[in-house]
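Me: Please take a close look at one helix in this model, explaining which of its sides faces inward and how one can tell. Please then relate that part to the salt bridges and the unusual backbone positions elsewhere in the chain.

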Amino acid sequence: MDVKREISRTLRKLILGGTDLPQACDISLDHPQIEISVRLLGMGLTRDVTNSHSVACAVPFMFCIGLERSEINELVTGRYFTLEFRENRGRGNVLGIIKLKLQAILPVECHWIGLFRAVKCQNYCIPKYRLHAHRLLLRYNQCKGRRAGELQVSTLDAQCNAVTFICPRPVVLVCVVDGPRGNVFPMNLLGDLGGNYFAFALNSERQAASLVERLGRLTLSTVPLSKSLIVRELGKNHYLDLIPLEEVPFALQQSGGLDIPFPEFAIRIRELQVLEVLPLGSHNFFLAKTVRETINMSGQEFHMIHGFYAAHRNLSGTKRELITDDSGSGAKERVTDS
Ligand SMILES: Cc1cc2nc3c(=O)[nH]c(=O)nc-3n(C[C@H](O)[C@H](O)[C@H](O)COP(=O)(O)O)c2cc1C
């Protein structure tokens, strides 16, 4: 059995080389991240949307982007755009692009949000032959380990996820409360849309989505990388409704605005009021308004990047070492030289 495992491990190393990293790698960064910039291009428009976009749904893969008033008359639904992921250091290379179709323009109070659906995707983080090898391996694993009723992720959706996570995404802990009960779970499909508006995506099949929709108010806290294990473990709470808050494995404090708890080790706390919920596919898209933002302490924040970008990052500039645990649940970053 061990020999079989050893052979498969050696084969994997040969085929994937230095790109054999977990899909989701954990890193520590200052807020806001400045490694990667994201630009929206098309219909004569070139705009930096690094801090005004979010994933809206994973299957089909969709983005929401905060729009400027001046753009509303220029943008036409059904037209195509490009989302470009570019590194800010080194040569400023483009590391990935996602071609988007504008599906809808949604008015929100006195603001506008564009909903875009991904139609094509290119990843330049690792060589093409490695990308093909990963694609084949993913197909093989999907066929081997498919659970009954599980949603099938298309190749395009999986590729879009890899490109989206070229841009480091903060991992937050969400807290909701209803009397003495509540829930705490992690999220990383989220982002600012500009003008105090904020978006996030929750799997429509999990309890967490209906819970947030029902309660309509939440805190969202960034945390230090040192808490990554505890944060990942709380992923299972997406399946739960309200739980006694004493079961949460750390102390909670109370927010000043909406009076909702947040973890004692939170760095930045955002209190949100949900404005709208749209079912888009695998995920419900939540549009919210920031009621209050508080800094609880200073420090770098837990972010996630895709393994393809982590492999690229390992080879360029700062020498970083990603420590992967054998469970494959994630990799911890140790910066050895900057
Ligand atoms: C760090 C982290 C971030 C997550 N972010 C989201 C998210 O933004 N939206 C969502 O619907 N689920 C999110 N999840 C939930 C996972 O997709 C998954 O449903 C959960 O971890 C349970 O895992 P399982 O379905 O493999 O048992 C997140 C989980 C983790 C651990």
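Reply: The account below begins with one helix and then moves outward to other parts of the chain.

The model is a predicted one. The helix chosen is helix 2, which covers residues 128-145. A simple check concerns its length: with 18 residues and 1.5 Å a residue, helix 2 should span 26 Å, and its end C-alpha atoms are indeed 26 Å apart, so the expected and computed values agree. The expected span is taken as 1.5 Å times one less than the number of residues.

The next matter is which side of the helix is covered. A residue is called buried when its relative accessible area is under 20% and exposed when that area is over 50%. By this rule, Arg130, Leu131, Ala133 and His134 are the buried residues of helix 2. Seen down the helix axis, these buried residues fall within an arc of 155°, and they therefore line one face of the helix. Their packing partners are helix 1 (2-16), strand 8 (111-123) and helix 6 (307-315). The face turned away from this buried side carries Lys128, Tyr129, Leu136 and Cys143, which are exposed.

Helix 1, one of these partners, leads to the surface. Leu14 is found in helix 1, and it counts as exposed because its relative accessibility is 64%. Leu14 belongs to a nonpolar surface patch together with Val3, Ile7, Leu11 and Ile15, and the accessible area of the patch is about 500 Å².

Charged side chains form a further theme. Side chains of opposite charge can pair when their charged atoms come close. In the whole structure, 15 salt bridges are found. One of them joins Lys13 and Asp20, whose closest N and O atoms are 4.0 Å apart. Another joins Asp26 and Arg232, with the closest N and O atoms 2.7 Å apart. Asp26 lies in strand 1 (residues 24-29) and Arg232 in helix 5 (residues 228-233), so this pair ties together parts that are 206 residues apart in sequence. Asp26 counts as buried because its relative accessibility is 0%, whereas Arg232, at 26%, is partly exposed.

A further salt bridge connects Glu293 with Arg268, the closest N and O atoms being 3.2 Å apart. Here Glu293 belongs to strand 19 (residues 283-295) and Arg268 to strand 18 (residues 268-279), 25 residues apart. Both residues also take part in a network of salt bridges that includes Asp192, Arg270 and Glu301.

Finally, the backbone deserves attention. Most residues other than glycine have a negative phi, and most peptide bonds are trans. Against this background, the peptide bond from His31 to Pro32 is cis, with omega near -5°, and so is the bond from Val59 to Pro60. Pro32 lies in the loop between strand 1 and strand 2 (36-42). Glu109 has a positive phi, near 50°, and lies in the loop between strand 7 and strand 8. Strand 8 was named above among the elements against which the buried residues of helix 2 pack.

Notes
Residues are numbered from 1 along each chain as its sequence is written. This is a predicted model: local features need pLDDT of at least 70, side-chain atom pairs count only at pLDDT 80 or more; totals for chains, interfaces and linings use all residues. Side-chain values use heavy atoms; hydrogens and water are left out. Helices (H or I, at least four residues) and strands (E, at least two) are DSSP runs, numbered from the N terminus. Buried means under 20% relative accessible area, exposed over 50%, partly exposed in between (1.4 Å probe, protein chains only). The arc is that of the directions from the helix axis to the C-beta atoms. Contact means heavy atoms within 4.5 Å. Patches are made of residues with over 30% relative accessible area and no salt bridge: like charges are joined within 9 Å, nonpolar side chains (Val, Leu, Ile, Met, Phe, Trp, Tyr) within 5 Å. Accessible areas come from the Shrake-Rupley method with a 1.4 Å probe; for residues, only the protein chains shown count as cover. A salt bridge is a side-chain nitrogen of Lys or Arg within 4 Å of a carboxyl oxygen of Asp or Glu.
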